[in-house]
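Here is a set of exercises to work through with the model open beside you. Try each task first, then follow the solution step by step.

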Amino acid sequence: MKHHQHLLFVSIALLSLAALGYEILLMRLFSIIQWHHFAYMIISLALLGYGASGAVITIFQKQLKSHFAVSYTAGIALFGISAIGSFLLVQQLPFNAEEVLWDWRQPGWLLLMYLLLAIPFVFAAGAIALALSHYSDIIGKIYAYDLIGAGLGGVCIILLLFVFMPFEVLAWIGLFALLATLLAAMALHSTAAWRVTLLSIPPAIAMIWLALHSTAVISPYKELSQTLRIPGTEIVARRSSPLGLLDIVESRQTPFRHAPGLSLKADGEPPPQVGIFTDGGNMSVITRDGGNAEAFAYLDQITSALPYHLRKLQQVLILGAGGGADVQQARYHQIPQITAVELNPQIVKLLRGDYAKFSGHLYQQSDVDVHINEARGFISDSSQQYDLIQVALMDAFGASTAGLYALNESYLYTLEAFKTYLQHLQPSGYLSVSRWIKLPPRDTLKLMATAISVLKESGVDHPAQQLVLIRGWQTSTLLVKNGAFTSSEIDTVKAFCKTLGFDVAWYPGMQATEANRFNQLRQPWFYRSAVALLGDETQQFMDDYKFDLRPSTDDRPYFFHFFKWIILPEILSLQGKGGMPLLEQGYLISVSTLLQALFASLLLIILPLLFLNRGGLRTQQTIRRSSVLIYFFAIGLAFLFIEIAFIQKMSLLLHHPLYSAATVMTGFLIFAGLGSLYSQRLVEQDHAHQGVVIAVGGIAVLSIAYLLFFKSLPDTLLSLPLAVKMLFVIIMIAPLAFMMGMPFPLALSHLGQHAQQLIPWAWGINGCASVISAILATLLAIHGGFSMVVTLAVLLYLLAALSFPLATSGKNR
């Protein structure tokens, strides 16, 4: 019997591994076919299935429990089949994120997409909920295997993504589910379970085959899709890793001419280029170097070339080297020492391997020192100072102007980042940051506000003397100098802009008549905004401005969030009149998803109550349903609040959202599983309530300690090897996760003793709360920072401790 029980535990762990792995894989897949901001919504989507499973089992628990072996085995089998099938169906939906507020059909397609992708999680969560209800005397052990299996799924999926393409990993999810089905049949020793298993094998194999022979259907509005519509373009190579799917594109008929912000007065054009697309967007290029330096003269005719004209530079640091355009620009200006930092090793490998000869062995030149690292981590670990630090233009123009990066946390543009950059400048050195032009102005002004704030905090009395801002028709470049700009440098700035037809938006002593001369706007918005930001009424200007220009911080790293609710009526009135650039699409899609989640959760919580009251499920239970609702809803919100805050905060330390999500979820789930395992001992000693009080006290103390640690995250940690940082994160969160793993199984076990039929409902409540929490945590972090999210989580845990569903005399109410 123990052997069979062990197999059951392993089947639960393997099912949870597959479910969590599927969840992380969906983040990766949606980054490819849509945009990164879907990642956190995917977490909430997954948990919607958990909430729905609780409602279904509450309503049909008598029938399902009486046929437990069949129901449990079928749940696992159907998860594996639907995990692949649902995603393949979703790819056929004509959903377009950019039209969600303009086209009345898009919210419907969005809702259908979430419903389809929730189906696999209904089956997976339903199987686990049935096991919890059926074996109510060992809830702590079952929940522990559930969490530990899910935690291992985070590690497993990252390893698989290093080896296989995303759709091949989707096939692995189906394979894991099939194996879990076989283990369940062996554990339950039931003829009916084996019949279900054998029937599920042909469709499972068919789905796995389809996954292996499918490709990503990328949004037609992403750069890669648009590029492939040009005659003569084709994908010649593809590389994949957890950091991104790289597509290398050649265009033999219509050559690439990629030079963002190139002057309209430019007298040359780029040499032949090969396009590199990361996840279907974020285009960069590898440019052919035939040995003729003058072929790169076009790189001297873009706004980012300005600092090379101000004085002779010796040491240049390029953050976000990509395909090498900024490195070629520095080499064109004969910089003797160029340090280039690139996060994605695949791109560096391309320039050192297949395209080394094509690029003139750019990343192997003696004057170029290439580092595969994250920008903040590299510079924090460096003791060197530079004449120029250049932050490359790394995102796509189309997605940027559409606001699709609104939910992307970026630690490159925070106040803390700018402080680090300025500390690594030589006396009279420059920080150069280029951004796409948006109208009305947003990115450029937020950059300037950030620079002004940092200079003031550094004790600079007159920040205006250390800033220069220029713009072309497509890009702007902000220069921050470690010292005041000289009159000679200002004359050079004006001459550079006049020659190339760029507009000066700010330099020390600039007059209003000098603004808006070449790339003319209706008003000199950039100049007037710069004057306002540098004036005495800065805060009033930012409050009155139609977009959010507050500098981002490491606690609130949403540089690309500009949306203010007060402007929404004006935007909606411009429907069909060119109002699209005013929208922050990612943010508003999240708000829309939150509203849908609230409605669905309310329905899934209330509907089972009707059956509990009218469906013959009354018992001599002695638990207040109101306490059950408050308790499980509160811990559902709180657990995900803390987990999401850690995922987003650790993106700074681990460089990439996928690494952060996998590491944090792995650590939280494994150690929460150990906490759940320990809680079984407390249940056996009848100390469930006391255990919750102790756990909540520990959560409160540790959360406050982590908040203080986050505020002073040592820069030295950023420079550690990735594997070491992942291990550090897991060890750091272990005690907190252990405590967080106790409140749920302790209360659920208590229900098992006094009101067993409420277990599926409590499971569903917790899942529904998590649906809301996953989205709400990100939205709260945008406005109040991670510290506020964690503080709210602590208060929710305290509320849960006060609402513990104690047994009372009389019937359940």
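**Exercise 1. Covered or open faces?**

Task: find out which residues of strand 3 lie on each of its two faces, and whether those faces are covered or not.

Solution. Step 1: put Q273, G275 and F277 on one side, and V274, I276 and T278 on the other. Step 2: this split follows a general pattern, because in a regular strand the side chains alternate between the two faces of the sheet. Step 3: check burial, where buried means under 20% relative accessible area, exposed means over 50%, and partly exposed is in between (1.4 Å probe, protein chains only). Step 4: both faces of strand 3 turn out to be covered, and six of its six residues are buried.

A word on the source before you go on: this is a predicted model, in which local features need pLDDT of at least 70 and side-chain atom pairs count only at pLDDT 80 or more, while totals for chains, interfaces and linings use all residues. Residues are numbered from 1 along each chain as its sequence is written, and side-chain values use heavy atoms, with hydrogens and water left out.

**Exercise 2. Build the sheet around strand 3**

Task: work out the strand order of the open four-stranded sheet and the way its strands pair.

Solution. Step 1: know the terms. Helices (H or I, at least four residues) and strands (E, at least two) are DSSP runs, numbered from the N terminus, and two strands pair if DSSP finds at least two bridges between them. Step 2: strand 1 (residues 233–241) and strand 2 run antiparallel and are joined by eight bridges; A237, for instance, has I248 in strand 2 as its bridge partner. Two residues make the hairpin link from strand 1 to strand 2. Step 3: four bridges pair strand 2 with strand 3 in the antiparallel sense, and D247 stands opposite F277 in strand 3. Step 4: strand 3 and strand 4 are antiparallel too, over five bridges. Here I276 has S284 in strand 4 as its bridge partner, and G275 stands opposite V285. Step 5: strand 3 and strand 4 form a hairpin with two residues between them, and D279 in the turn has a positive phi of about 55 degrees. Step 6: the order is therefore 1-2-3-4, with antiparallel pairing. Strand 1 and strand 4 (281–287) stand at the edges with a single partner strand each, so one side of each has no neighbour in the sheet.

**Exercise 3. A second sheet**

Task: which strands are at the edges of the open eight-stranded sheet?

Solution. Step 1: write down the order, 7-6-5-8-9-11-10-12, and note that the pairing is mixed. Step 2: look at the two ends. The edge strands are strand 7 (368–372) and strand 12 (503–506), each pairing on one side only. Step 3: look inside the sheet, where strand 5 (residues 315–319) and strand 8 (residues 386–391) run parallel and are joined by four bridges. The bridge partner of L317 is I389 in strand 8.

**Exercise 4. Salt bridges**

Task: how many salt bridges are there, and what does the one between E269 and R257 tie together?

Solution. Step 1: apply the rule that a salt bridge is a side-chain nitrogen of Lys or Arg within 4 Å of a carboxyl oxygen of Asp or Glu. Step 2: the count comes to 15 salt bridges. Step 3: in the pair E269 and R257, the closest N and O atoms are 3.1 Å apart. Both residues lie in the loop between strand 2 (244–251) and strand 3 (273–278), so the pair ties together parts that are 12 residues apart in sequence. Step 4: E269 is exposed at 52% relative accessibility, whereas R257 is partly exposed at 39%. Step 5: compare D548 and R550, whose side chains meet in a salt bridge of 2.9 Å, N to O. D548 is buried at 8%, while R550 is partly exposed at 31%.

**Exercise 5. An enclosed helix**

Task: is helix 26 (residues 743–754) largely enclosed or open?

Solution. Step 1: note that helix 26 has 12 residues. Step 2: among its buried residues are F744, L746 and L751. Step 3: in total 10 of the 12 residues are buried, so helix 26 is largely enclosed by the rest of the structure.

Notes: The expected span of a helix is 1.5 Å times one less than its number of residues.
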